[in-house]
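Subject: Structure for you, with notes

Hi,

Here is the structure I promised to pass on. Please have it open in your viewer while you read the notes underneath.

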Amino acid sequence: MQAPQCLTYCFNTVLCSITYMTLHEPSLGSGEESWEASSAELERRCRLGSEVTSLSHITSMEKCEHYFKLSSPIRLKLDGYFVLCVFIFNVFPTMNLTDFRDNSLLKLQVGGPFLGGMEAVQEAQEYILIQVEQTEEAGSRRRRTQQVLYNWTIPLHSQRSDQILRTRTFEMVSSAPILISVQAFLLDSQVVPLSMTHQSLYVTVETQVLIAGLILAGVYVLIIFEIVHRTLAAMLGSLAALAALAFIGDRPSLMTVVEWIDYETLALLFGMMILVAIFSETGFFDYCAVKAYQLSRGRVWPMIMILCLIAAVLSAFLDNVTTMMLFTPVTIRLCEVLNLDPRHVLIAEVIFTNIGGAATAVGDPPNVIIVSNQDLRKKGIDFAAFTGYMFLGICLVLLTSFPFLRMLYWNKKLYNKESSEIVELKHEILVWRQTAHRINPASREETAVKCLLMQKVLNLESLLRKKLKTFQRQISQEDKNWEHNIQELQKKHRITDKILLVKCLTVLGVVIFMFFLNSFVPAIHLELGWIAILGALWLLVLADIQDFEIILHRVEWATLLFFAALFVLMEALAHLQLIDYIGEQTAVLIKVMPEDERLAIAIILVMWVSALASSLIDNIPFTATMIPVLINLSQDADVNLPIKPLIFALAMGACLGGNGTLIGASANVVCAGIAEQHGYGFSFMEFFRLGFPMMLMTCTIGMCYLLATHIGLHWNT
């Protein structure tokens, strides 16, 4: 190996004020009455055009205003919070080393042709070594000379192909000058383009973690108590996290914040929403609901078990989000025709979707991250080995989950306590009100339409009050005349557009097939988001959609915005050292355990830390952070732990932990968003009461499986 090429930079806190340097110039660059019948009289009274002016003074207009007033003391208190965050984010600029103080943190970000994975440095043939040194001479404050020295080794890519950023934070002891030296260990004499930025952070790691924890707790308070919509809660949390970064001296630019968003996930969600919106026009979901009712022979619990099992199997091979997008409309229509409450059935389905997604290497994003890691592949954790081990464990989890779910639902009334006529009327009122709220009266015509819709709501509410006065409570029991009902339902719920159904099935089949190929064939360079977008465009062309706005109105824009804000929030919390701190403290706890019990304790600790953390934060960045921590832990000679049990514990906990809370997994949020659009939204606590006990039970079974195989049978050790 050639002698190292060394470049040394000395940053003096008095003379130096640069915040960016380049070692080499980089070249990398349905209701009781129809709408027509119920609104005929209103349309005669409220003509559009010249009569709109008089319409604004009628009594219905006064009643309309009642529905659109928003006043809440709690929401008003958020104004001060918002102003404070904006003030901090704008006043505190990006810091540099001229403001370096005692006991601060030095943050270095290096860009260059580094290896994309977390490969072991000792196996790399070429690498760079960055040394950070600070020496403070003896003086009035210190009796002896104090020196800190950090070594940071980054392996280089042999082809010099990609520009990858690496970030690390170093703790300094004083305001003395800092010496940074960069040495490149190369096989041949060649140019290595590198870029480096540095910042001084005024807050210690523990304080940053405390701030991040408070922000995350605040977001959960807003969501749990439904103070604001979960999308707004995520956006406020993101703003608070960005303000915290600006406060500590790590203020990100707008371009940086935009890059934190995972556009592939948003593209996948948007494309599948378009596909499902067009698919619903064919009547296929109503047809599937009737078939599921027929297959269960009119018994509710067998039907729910069938739906949950199908969802679990599909999610093992498809993305969880895709599975719930296809299953949620079917479930809602099935519950409507059977007079069931869709909320409990949807929560059960999404729980089993997350369980089934853990069975294979492509069922859940954390599994994809694990099998894509080059270091883990060298350790024998490839697609076949990972799927074989996890599939057996998830089968055991599923076998115990069905009876436990039945226990949780033992005292719950799945049937609505009112007649189907009253339930449909209430749902119709809710849908009409939501439709009216979505109209922004920008013109006289839109104002008139909004008032017509609200008058429709008032008429339906009057009708509902009359029915409730004469209603005798009759709690529905399991249907004894299911064969007769099947015939009636088959007449009412049929395929409405067979040609469009063929087109939709063709496009959806191709899209799902491409999803499989993307997982098994590396030569396909289309990500899941691109496949979904191209499939949506293809179906839009084939379906010959004339009114494109109708399709766009069915897209869950609030869900998409929630995910975008959640990505920013989680990345900002990662910059506040929250995820790294969890990983480091987990490793410290494992190291202090007795050697003969260390493996069992490590499996239990990694499993439950991953499960609880994945219930609170996104499991994708958590998994990506824990993988190198576990690799380094297994390579520590003082610890002497095999890597496979730790990785399987991480995968089991990260996937099953998503059932803990409503925002623990992407499929939970998507299901809640679609259900809310149909008028059956469920709250954070409704999901928590069922999801969290299921998470505890499934993780306990998974932990027993891990201990029995790795400790009892000595697999993978």
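Below is what turned up, going from the whole chain down to single residues.

A word on conventions: this is a predicted model, in which local features need pLDDT of at least 70 and side-chain atom pairs count only at pLDDT 80 or more, while totals for chains, interfaces and linings use all residues. Residues are numbered from 1 along each chain as its sequence is written, and side-chain values use heavy atoms, with hydrogens and water left out.

**Overall**

The chain holds 29 helices and 8 strands (DSSP runs numbered from the N terminus: H or I of at least four residues for helices, E of at least two for strands). Of its 717 residues, 50% are buried; buried means under 20% relative accessible area, exposed over 50%, and partly exposed in between, with a 1.4 Å probe and protein chains only. The exposed area comes to about 33,900 Å², and carbon and sulfur atoms supply 59% of it (Shrake-Rupley method, 1.4 Å probe; for residues, only the protein chains shown count as cover).

**Cores**

The largest nonpolar core has 173 residues, and the members that touch the most others are Ile278, Met325, Phe386 and Phe682. Helix α23 (residues 557-575) gives this core its largest share, 12 residues. A separate second core of 23 residues has Val132, Ile178, Ile180 and Ala184 among its members. By nonpolar core I mean buried Ala, Val, Leu, Ile, Met, Phe, Trp, Tyr and Cys residues joined through side-chain atoms within 4.5 Å.

Ile278 is a good place to zoom in. Beyond its neighbours within four places in sequence, Ile278 is in contact (heavy atoms within 4.5 Å) with Leu500, Cys504, Leu539, Leu540, Ala543, Ile545 and Ile551.

**Helix α21**

Helix α21 (residues 528-543) runs for 16 residues and spans 22 Å from first C-alpha to last, close to the 22 Å expected at 1.5 Å a residue (1.5 Å times one less than the number of residues). Its buried residues include Leu539, Leu540 and Ala543, and those three also appear in the contacts of Ile278. The buried residues of α21 lie on the same side of the helix because they cover an arc of only 165 degrees around the axis, taken from the directions from the axis to the C-beta atoms. Exposed Trp530 and Val541 sit on the face turned away from the buried side.

**Positive phi**

Most residues other than glycine have a negative phi. Here are some with a positive one:

- Asp544, which follows α21, has a phi near 55 degrees.
- Glu226 has a phi of about 50 degrees and lies in the loop between α6 (205-224) and α7 (230-248).
- Gln577 has a phi near 70 degrees, and belongs to the loop between α23 and α24 (578-591). Gln577 counts as buried because its relative accessibility is 14%.

**Two more residues**

Asn668, in helix α28 (residues 666-677), is buried, with a relative accessible area of 0%. Its side chain reaches the backbone oxygen of Gly658 at 2.9 Å. Apart from neighbours within four places in sequence, Asn668 is in contact with Val350, Asn354, Gly658, Thr661, Leu662 and Phe687.

Pro177 is in the loop between β6 (164-171) and β7 (178-185) and is partly exposed, at 35% relative accessible area. Pro177 and Thr135 are 42 residues apart in sequence, with their C-alpha atoms 7.4 Å apart in space.

Happy browsing!

Note on methods
Polar contact = N/O pair within 3.5 Å; in protein donor to acceptor, adjacent residues only side chain to side chain.
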